[in-house]
Every structure is written in C-alpha cells, then in structure tokens.
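Reader: I am new to this and would like a close look at one part. Please start there, then work outward, in short steps.

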Amino acid sequence: MGRGPQVLIIATAALLCCSITPTSALNMSDVCLLVKHDTFVASPSDCHSYYTCVGATAQLYSCPTGYGFSKDSQACVPAQSICGASSASSACQNAVVGTYQAVQNSCNSFWYCSASGPLQGYCPTGDNFNPTTQSCDLASDYSCPWTETDASDASGETINLCSIIPNDVFFGNPTSCSNWLYCDQGTLKNGTCPKGFVFNVATGTCDYAVDTTCSQVTNAAGLIDYAGFNCKTAGDMIAASACNQYYTCSSSKVYVLNTCASGLYFDTVSQKCITRASAQNNCDRCLGSTSQFVNSYGSNCTSYLTCKNGVQFGSVQTCPTGHPFFNENDGLCELTNPQFTFCFNIATVPT
C-alpha cells in the first residue's frame with residue numbers, strides 16, 4: 001500500500017502523427033508480440049517517445065515538444081508529469097496546488113506543489129515515488145523507471161514490462177503460451193490459463209489452442225524478471241536472462257534471484273553453476289567473456305556472436321562453407337568441429 005502523497009493528476013493530449021527512427025537496443029517487436037494490435041507502448045529509453053504495435057511491427061513516434069507519453073492514458077501529456085522535473089523552477093508549472101511531481105532521474109524524491117511554490121520531499125527508505133498513484137510505494141510494488149535498462153546488459157538487469165505496457169490489461173508471457181501477465185499499479189503479476197487453454201494475445205483472454213496462434217513466446221533476454229513471482233514447488237530452479245544467474249523457488253513459494261560465482265554459468269541440465277564452456281544455457285554467451293567472438297548456443301558450433309564489452313552486439317553470424325565450424329578459443333572459423341558441450345542439445349552431445 002502506498003504512503004505519503006495521494007492526489008492523482010489527470011492530463012490528456014493528442015498523439016503526434018509522424019514517426020521517427022527507432023533507437024532502443026531492445027527488440028520492440030518482441031514486446032509487440034505480447035500485446036493487442038494497435039496498442040501504444042512507451043519507449044523504455046525516452047519518456048517523450050512511444051511505439052505503436054501494428055501486429056508484430058513496432059513503429060516509433062515522438063510526442064510534441066513539451067509532452068511525454070503516458071502508457072496508461074495512451075496519450076501524450078505535459079512532459080513533467082511523465083518525465084519528472086529537473087529543477088524547482090520547472091517542477092510545478094501548470095500543476096494543481098497540493099499535487100506532487102516526480103523528480104527527474106530520482107526514485108526516492110518528489111516535488112510537492114504548495115501554494116508558495118515547489119518543495120522537495122523524500123519517500124521513506126525502501127520506497128519509490130509512484131507518479132501514477134501520487135504516493136510513496138514499496139520498491140517491490142513499484143519499480144522505479146530511472147533504474148531500468150532498455151535491454152539486458154552485462155549485469156543482467158531486466159526491463160520492467162509494467163514501465164512500458166499499460167496497467168489493467170492482460171498480455172502475453174514471452175516464456176509460455178498458457179501463461180498471461182498483468183500490470184497492477186506498476187507491479188507485474190502473472191497467471192495461468194485453465195488446463196487445455198492457452199493465452200490469446202489478440203483477444204486478451206484464455207482460448208482454445210486450435211483458435212490461437214502462440215507467437216508471443218520468444219524467450220527474449222531482458223523482457224521478464226521472475227523475481228517475486230509465485231512458484232509451485234520449493235527448491236525448483238529456472239534460468240534467468242543473464243547466463244550467470246538463476247531463480248530458486250523459496251519456501252514461501254516465490255522466485256528468488258541468485259548469482260553464480262565469478263566465471264561460472266547456470267547449467268539448466270544439472271541445475272548447478274559450472275564452467276561457462278560446459279553450461280547448457282540458451283543465453284547471451286558474451287556475458288563474462290573478454291573475447292570479441294564467442295560460439296552461439298545450440299548451433300552445432302557453426303555460428304558465433306560478436307561481443308562488445310561483454311554484451312552481444314549485432315545478430316548471430318554463421319561460418320562460411322569452406323570453414324564451417326567456429327572455435328571461440330581460437331576466435332576463428334575452422335574445418336574441424338570443436339564439439340563444445342554448449343553447442344549441442346544435451347541429447348545429441350557427441351561422445
């Protein structure tokens with residue numbers, strides 16, 4: 001439950017009609033697969049921009065000067081109510097006395113618009129200011145957008161889907177056909193369709209499998225963080241977005257994020273942290289490597305990734321016919337298959 005400021009500001013404005021060039025590192029087409037056609041999704045990297053999801057295609061647009069995009073009103077609104085204010089002089093312009101404004105690039109503080117001018121306040125330790133509810137909410141209930149990244153990075157941070165997708169709408173789960181997601185005041189919640197049903201993104205409901213095209217399951221790194229999600233059996237373990245992290249189902253039936261020791265990856269077969277060269281894990285294998293090129297997972301060692309500062313850069317590349325196998329130890333495409341364990345599905349690992 002939120003504490004502190006409670007008054008909500010409501011503002012609307014028309015959307016600008018002209019598109020601009022996409023700049024987000026996250027593949028927003030993966031996000032659009034989760035929501036209904038023609039949904040507006042906020043840009044994860046620029047509060048003044050938004051995407052229109054035309055089927056699986058994400059088209060980037062910009063709000064007019066002085067406006068920011070509100071995912072919940074699906075409209076461009078005065079920028080300071082969305083983007084926050086960087087100084088007292090701009091904090092309460094055109095704001096109602098007695099209301100609150102976010103402080104740009106700050107999770108814990110806010111501006112109070114008093115009759116005598118803006119006053120800066122601070123939420124209790126462990127709370128974030130939530131501009132939607134105009135309250136100080138527990139950090140576990142409201143994820144501060146200033147600390148999010150627009151895609152998984154070298155530290156394994158994951159985007160909060162509720163920072164870009166509207167509240168109070170059901171949308172697809174990028175890891176399961178039968179599960180759905182829902183944002184409740186900025187908090188991500190999940191659920192499962194009844195047995196025999198799958199989630200239909202087009203209708204936002206659980207539907208018969210024969211009537212549903214399940215295209216939302218991309219397992220795209222950076223889209224979902226299971227920390228805090230309910231789980232069924234204590235001790236169960238699942239992979240996280242980052243290769244060196246995993247989730248354990250706690251005794252209270254909630255997923256808890258864990259990190260492997262330095263240099264180790266989570267192995268989805270043994271469910272242990274082992275050497276990165278042996279771990280069966282469909283993740284960004286650039287993480288933890290200082291090499292410019294590394295083998296891609298499950299490609300029979302025929303493909304490789306380009307790494308930049310420990311993060312995958314660009315798409316997967318395939319070795320030429322004359323030298324069909326990549327060896328990350330040598331950094332070259334070669335004639336001989338190095339037969340790294342992670343290159344194969346566990347059932348087909350060569351002996």
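Author: Start at Leu264. Its bridge partner in strand β20 is Thr275. One caution before going on: this is a predicted model.

Leu264 and Thr275 belong to a hairpin. Strand β19 covers residues 264–267, and strand β20 covers residues 272–275. The two strands run antiparallel and share four bridges. Between them lie four residues. Look at Gln271 in this hairpin: its phi is positive, near 55°.

Now step back along the chain to another hairpin. Here strand β17 (residues 245–249) meets strand β18 (residues 255–259). They are also joined in the antiparallel sense, by five bridges. Find Tyr247, then look across to Leu257 in β18, which stands opposite. Five residues separate the strands of this hairpin. Among the residues of the hairpin, Lys253 has a positive phi, near 65°.

Next, some sheets. One is open and has three strands in the order β1-β2-β3, with antiparallel pairing. Its edges are β1 (40–42) and β3 (57–62). Each edge strand has a single partner, so one side of each lacks a neighbour in the sheet. On average, neighbouring strands here are turned by 35° against each other, direction ignored. Zoom in on β2 (residues 49–54): six bridges join it to β3. At one of these places, Ser49 has Ser62 of β3 as its bridge partner.

A second open sheet of three strands follows the order β6-β7-β8. Its pairing is antiparallel as well. The edge strands are β6 (100–102) and β8 (117–122), and each pairs on one side only. The average turn between neighbouring strands is 30°, direction ignored. Three bridges hold β6 to β7 (residues 109–114). Ala102, for instance, has Phe110 in β7 as its bridge partner.

Now turn to the side chains. The largest nonpolar core has 27 residues. Val41, Leu161, Ile164, Ile165 and Phe171 touch the most other members. Helix α1 (28–32) gives two or more residues to this core, and so do β1, β2, β3 and β12 (176–184). That brings back the β1-β2-β3 sheet. Take Leu161 as an example. Leaving aside residues up to four places away in sequence, Leu161 touches Leu34, Phe171, Leu181 and Leu223. In soluble globular proteins, nonpolar side chains tend to be buried together.

Rings come next. There are 15 aromatic pairs in the model. One of them is Tyr304 with Phe326. Their ring centres are 4.7 Å apart, and the planes meet at 25°. That makes the pair stacked, because planes under 30 degrees apart count as stacked. Tyr304 sits in strand β22 (residues 303–308), while Phe326 sits in strand β25 (residues 325–327). The pair therefore ties together parts that are 22 residues apart in sequence. Are these two residues buried or exposed? Tyr304 has 16% relative accessibility and counts as buried. Phe326 is buried too, at 2%.

Ring pairs also build a cluster: Phe40, Tyr50, Tyr61 and Phe69 are linked in this way.

One last ring takes a charge instead. The charged end of Arg285 sits over the ring of Phe342, 3.5 Å from the ring centre.

Terms used. Residues are numbered from 1 along each chain as its sequence is written. This is a predicted model: local features need pLDDT of at least 70, side-chain atom pairs count only at pLDDT 80 or more; totals for chains, interfaces and linings use all residues. Side-chain values use heavy atoms; hydrogens and water are left out. Rings of Phe, Tyr and Trp (its six-membered ring) pair if their centres lie within 6.5 Å; planes under 30 degrees apart count as stacked, over 60 as edge-to-face and the rest as tilted. Buried means under 20% relative accessible area, exposed over 50%, partly exposed in between (1.4 Å probe, protein chains only). A charge sits over a ring if NZ of Lys or CZ of Arg is within 6 Å of the ring centre and within 35 degrees of the ring normal. Two strands pair if DSSP finds at least two bridges between them. Axes are lines fitted to C-alpha atoms, for helices over the stretch in contact, and angles run from 0 to 180 degrees between N-to-C directions. A nonpolar core is a set of buried Ala, Val, Leu, Ile, Met, Phe, Trp, Tyr and Cys residues joined through side-chain atoms within 4.5 Å. Contact means heavy atoms within 4.5 Å.
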